[in-house]
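Me: I'd like a close look at the backbone in the loops. Please go slowly, as I'm new to this.

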Amino acid sequence: SVTVNGKTTTRKDLVLEAANELVSKLYKADSSFKVGVVEFATSTDESKKGTAEDAKVVTSSLVSTETDAKAALTTIKNEKMGAQTNIVAGLDAANKLLSTSTDSKKFIVLLTDAIPNTAYGVTYDLYTSASADPTKAKLKEIANKNVNILSMLIHMTEDEIQISKEDPKPTYLEKANSIFGTTTAPTAGSVYYADDKDVTTT
């Protein structure tokens with residue numbers, strides 16, 4: 001759990017609160033927005049970890065109302081998710097959903113409080129290149145298809161990743177930088193790093 005402005009919550013709920021704020025701002029700016037929602041972690045079915053099943057399209061199609069978009073986020077809030085993070089699967093699912101639209105401007109907003117520690121064919125990883133490299137490659141691949149990617153990385157600390165086998169052990173922030181880039185030199189699109197207290201205002 002985390003405490004933000006005197007309120008104790010979970011980081012998952014904090015991420016979802018940020019997503020809800022974003023949806024509100026989008027529809028306030030332009031009521032014609034179409035939004036899709038994808039959740040990604042790892043499948044709760046051990047046999048499906050490291051596959052496309054690590055991501056789930058919550059909205060079967062792009063939705064056109066704020067109410068439907070927020071209902072999808074509520075679905076995520078109430079679902080049990082796996083313990084690992086397969087961002088590659090999440091990006092692929094989001095891109096597939098966007099491919100149903102003929103709009104010329106397409107965006108993926110990636111909200112995560114974790115760096116990837118699994119990818120296709122990887123069921124367990126100690127934050128190595130086995131997960132990092134495919135994630136970085138997927139960001140570039142989708143960006144090259146004229147999809148604008150906005151990544152918001154939450155609570156990327158300068159604590160060492162203790163389970164890492166690298167020497168010296170990288171920090172979470174260093175590992176995130178190596179995959180997503182920095183705000184001034186992003187791997188793809190735009191990258192934002194936010195502390196817990198700034199999540200809903202960034």
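**Backbone in the loops**

Reply: Start with Tyr127, which sits in the loop between β5 (106-112) and α4 (129-143). (Those labels are DSSP runs, helices being H or I with at least four residues and strands E with at least two, numbered from the N terminus.) This is a predicted model, where local features need pLDDT of at least 70, side-chain atom pairs count only at pLDDT 80 or more, and totals for chains, interfaces and linings use all residues. Residues are numbered from 1 along each chain as its sequence is written, and side-chain values use heavy atoms, leaving out hydrogens and water.

Back to Tyr127: what is its phi near? The angle is near 60 degrees, so you have a positive value in a residue that isn't glycine. Most residues other than glycine have a negative phi. Tyr127 also counts as buried, because its relative accessibility is 15% (buried is under 20%, exposed over 50%, partly exposed in between, with a 1.4 Å probe and protein chains only).

Now follow α4 along to the loop between α4 and β6, where you'll find Asn146. Phi is positive here too, near 65 degrees, and Asn146 isn't a glycine either. Is Asn146 buried or exposed? Asn146 counts as exposed, because its relative accessibility is 63%.

Last stop: the loop between β6 (147-154) and α5 (172-180), home of Pro168. Look at the peptide bond leading from Asp167 into Pro168: that bond is cis, its omega being near 0 degrees. Most peptide bonds are trans.
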